[in-house]
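Trainee: I have the model open and would like to go through the labels one by one. Could you show me how each term is earned?

Mentor: Gladly; let us look at it together.

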Amino acid sequence: MKLEGFGIFVKEMPTMVRFYRDVLGFGIKEDENTTNVFLEKDGTLFLLYGRNDIEKMTGSKFNYAQKISGHFEIALGVENYAAVDKTFAEVTAKGAQPVMPPTTEPWGQRTCYIADPEGNLIEIGSFVKE
């Protein structure tokens, strides 16, 4: 088996489409009121799928985390340390919820965390100083 992509089961599709498209710059072409969004970002398949739709399809009810969730992260890389700081400032100015400001970690990565409107953690980082 090989990893082809990942998906997030979303409560409010229009809000999530606007966030990933307008704040993070994902190339989403679907309408905000669609039931699912398939897109490829840097060779990785990314899916937004409505919670009600996945439950209807599987015939199962699921539990969903509330507020900011620490179950997983989406990791986005930028070209260097300065880009981490710049990107954090840009996306938080556009409405991303700041979780951790840019910090240089002992292992040599400059990283920060934001949350999407439904509380999923998103890391923005780089290992390149200049």
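Mentor: One definition to start: a helix is a DSSP run of H or I with at least four residues, a strand is a run of E with at least two, and both are numbered from the N terminus. Keep in mind that this is a predicted model.

Trainee: Where does that place K67?

Mentor: K67 sits in the loop between α2 (51-58) and β4.

Trainee: What makes K67 exposed?

Mentor: Its relative accessible area is 73%. The cut-off for exposed is over 50%, so K67 earns the word.

Trainee: And what is notable about the phi of K67?

Mentor: Phi of K67 is near 60°, a positive value in a residue other than glycine. Most residues other than glycine have a negative phi. D42 also has a positive phi, near 55°, and it is found in the loop between β2 and β3. With a relative accessibility of 75%, D42 counts as exposed.

Trainee: Why is R18 called partly exposed?

Mentor: R18, in helix α1, has a relative accessibility of 33%. Buried needs under 20% and exposed needs over 50%, so R18 falls in between and counts as partly exposed. Leaving aside residues up to four places away in sequence, R18 touches V23 and E32.

Trainee: What makes T111 buried?

Mentor: T111 belongs to strand β6, and its relative accessible area is 2%. Buried means under 20%, so the label follows. Beyond residues up to four places away in sequence, T111 touches several others, including V84, M100 and I124.

Trainee: What makes the pair T111 and E123 a polar contact?

Mentor: The side chains of T111 and E123 come to 2.7 Å. A polar contact requires N or O atoms within 3.5 Å, one able to donate a hydrogen and the other to accept it, so this pair qualifies.

Trainee: Now the strands. How do you know that β5 and β6 pair?

Mentor: Pairing takes at least two bridges, and β5 and β6 (residues 110-115) have five, in the antiparallel sense. M100 stands opposite Y113 in β6.

Trainee: Why are β4 and β5 at the edges?

Mentor: The open sheet has four strands in the order β4-β7-β6-β5, with mixed pairing. β4 (69-77) and β5 (97-104) each have a single partner strand, so one side of each lacks a neighbour in the sheet. From one strand to the next, the twist averages 20°.

Trainee: What is the order of the open sheet of three strands?

Mentor: The order there is β1-β3-β2, again with mixed pairing. β1 (5-10) and β2 take the edges, each with a single partner strand, so one side of each has no neighbour in the sheet. The twist here averages 15° from one strand to the next.

Trainee: What makes the pairing of that sheet mixed?

Mentor: β1 and β3 are joined by six bridges and run parallel, whereas β2 (residues 36-41) and β3 (residues 44-50), also joined by six bridges, run antiparallel. G5 stands opposite L45 in β3, and N36 has Y49 as its bridge partner.

Trainee: On to α3. How do you know that its span agrees with that of a helix?

Mentor: The expected span is 1.5 Å times one less than the number of residues. For the 13 residues of α3 this gives 18 Å, and the end C-alpha atoms are 19 Å apart, which agrees.

Trainee: Which residues of α3 are buried, and why do they line one face?

Mentor: They are Y81, A83, V84, T87, F88 and V91. Viewed down the axis of α3, they fall within an arc of 150°, so they line one face of the helix. These residues pack against α1, β5, β6 and β7. The face turned away from the buried side carries the exposed A82, K86 and A93.

Trainee: What makes N80 a cap of α3?

Mentor: A side-chain oxygen of N80 lies 3.2 Å from the backbone nitrogen of A82, at the N-terminal end of α3. The polar cut-off is 3.5 Å, so the pair is within it. After α3 comes G95, with a positive phi near 120°.

Terms used: Residues numbered from 1 in each chain as written. Predicted model: local features only at pLDDT ≥ 70, side-chain atom pairs only at ≥ 80, totals over all residues. Heavy atoms only, no water. Axes fitted to C-alpha atoms, helices over the stretch in contact; angles between N-to-C directions. Buried < 20%, exposed > 50% of the residue type's maximum accessible area, 1.4 Å probe, protein only. Contact = heavy atoms within 4.5 Å. Arc of directions from axis to C-beta.
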